[in-house]
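Colleague: I would like a close look at one charged side chain and its surroundings. Please start there and follow the neighbourhood outwards.

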Amino acid sequence: MAQIPATAGQLDIVIEQGATWEYPFTWTSGNSPVDITGYEFKAQIRKKADATPVIITLNTPDEIAITDGPAGIYTITIDADITSDMPDGQYQWDMFVTFPNGKVRKLWVGDVEFIPNITEPSTGP
C-alpha cells in the first residue's frame, strides 16, 4: 500500500490490458491513519497532461472506493472491460482529493503504461 506524501507524490503505474487493475492506498500522517470518511477522490488518465480527450476518469465511489475511511484506506479499481479497450502505450495520470470542507489537494502524479495482451479474452463456447 502506498503512503500519501505531504505534497503530490510520484506514482508510476503499469496496467495490463484485459485484466482488472486494483491498487490500495493508505493515507497516514506520521504513523497514524488519517480518517478519510467523506473525502472525494478524482483521477484522470490522458495521453499527455494537456491532451484531450480524457482516456479514463475515476471517481469516488465508483472506481475509487473508500474501503475503510477511519483507517485511511481507499482503493482504485479499473475493470477488465475498461482495460481491454485501452491501446498499449504511455500515458499520464494525476489524482485530486476534495476534503469535506471543500478544499482540494493534488495527491498523485505519474506515468501510466498499458501492457498489451497476448492471450485473447474468452468469448464463450
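What is the relative accessible area of D94?

Modeller: Happy to! D94 has a relative accessible area of 23%, so D94 is partly exposed (buried is under 20%, exposed over 50% and partly exposed in between, with a 1.4 Å probe and protein chains only). Before going on, please keep in mind that this is a predicted model, where local features need pLDDT of at least 70, side-chain atom pairs count only at pLDDT 80 or more, and totals for chains, interfaces and linings use all residues. Residues are numbered from 1 along each chain as its sequence is written, and side-chain values use heavy atoms, with hydrogens and water left out.

The partner of D94 is K106: the two form a salt bridge, with 3.7 Å between the closest N and O atoms (the cut-off is 4 Å from a side-chain nitrogen of Lys or Arg to a carboxyl oxygen of Asp or Glu). The structure holds one salt bridge. Because D94 lies in strand β11 and K106 in strand β12, this pair ties together parts that are 12 residues apart in sequence. Strands here are DSSP runs of E, at least two residues long, numbered from the N terminus. K106 is partly exposed as well, at 32% relative accessibility.

There is another charged residue to consider here, R46, in strand β7. R46 is buried and has no salt bridge; D94, its nearest side chain of opposite charge, is 6.5 Å away. For charge, Lys and Arg count as positive, Asp and Glu as negative, and His and the chain ends are left out. What R46 does have is a polar contact of 3.0 Å between its side chain and that of Q44 (N or O atoms within 3.5 Å, one able to donate a hydrogen and the other to accept it; neighbours in sequence count only through side-chain atoms).

Strands β7, β11 and β12 also appear in the nonpolar interior. The largest nonpolar core has 28 residues, and W27, F41, Y74, I76, W93 and M95 have the most contacts inside it (such a core joins buried Ala, Val, Leu, Ile, Met, Phe, Trp, Tyr and Cys through side-chain atoms within 4.5 Å). Among the strands that each supply at least two residues of this core are β7 (40-46), β11 (89-98) and β12 (104-115).

Two of those core residues also pair up. The rings of F41 and Y74 are stacked, 4.2 Å centre to centre with 20° between the planes (paired centres lie within 6.5 Å; planes under 30 degrees apart are stacked, over 60 edge-to-face, and the rest tilted). F41 sits in β7 and Y74 in β10 (73-78), 33 residues apart, so this pair links distant parts of the chain. F41 is buried at 2% relative accessibility, and Y74 is buried at 0%. Both belong to one aromatic cluster with W21, Y23, F25 and W108. Across the whole structure there are nine aromatic pairs, including a tilted one between Y23 and F25, at 4.9 Å and 55°. Of these two, Y23 is partly exposed at 25%, whereas F25 is buried at 0%.

One last charge is worth a look: the charged end of K47 sits over the ring of Y91, 4.5 Å from its centre (NZ of Lys or CZ of Arg must be within 6 Å of the centre and within 35 degrees of the ring normal).

Conventions: Rings of Phe, Tyr and Trp (its six-membered ring) pair if their centres lie within 6.5 Å; planes under 30 degrees apart count as stacked, over 60 as edge-to-face and the rest as tilted. Helices (H or I, at least four residues) and strands (E, at least two) are DSSP runs, numbered from the N terminus.
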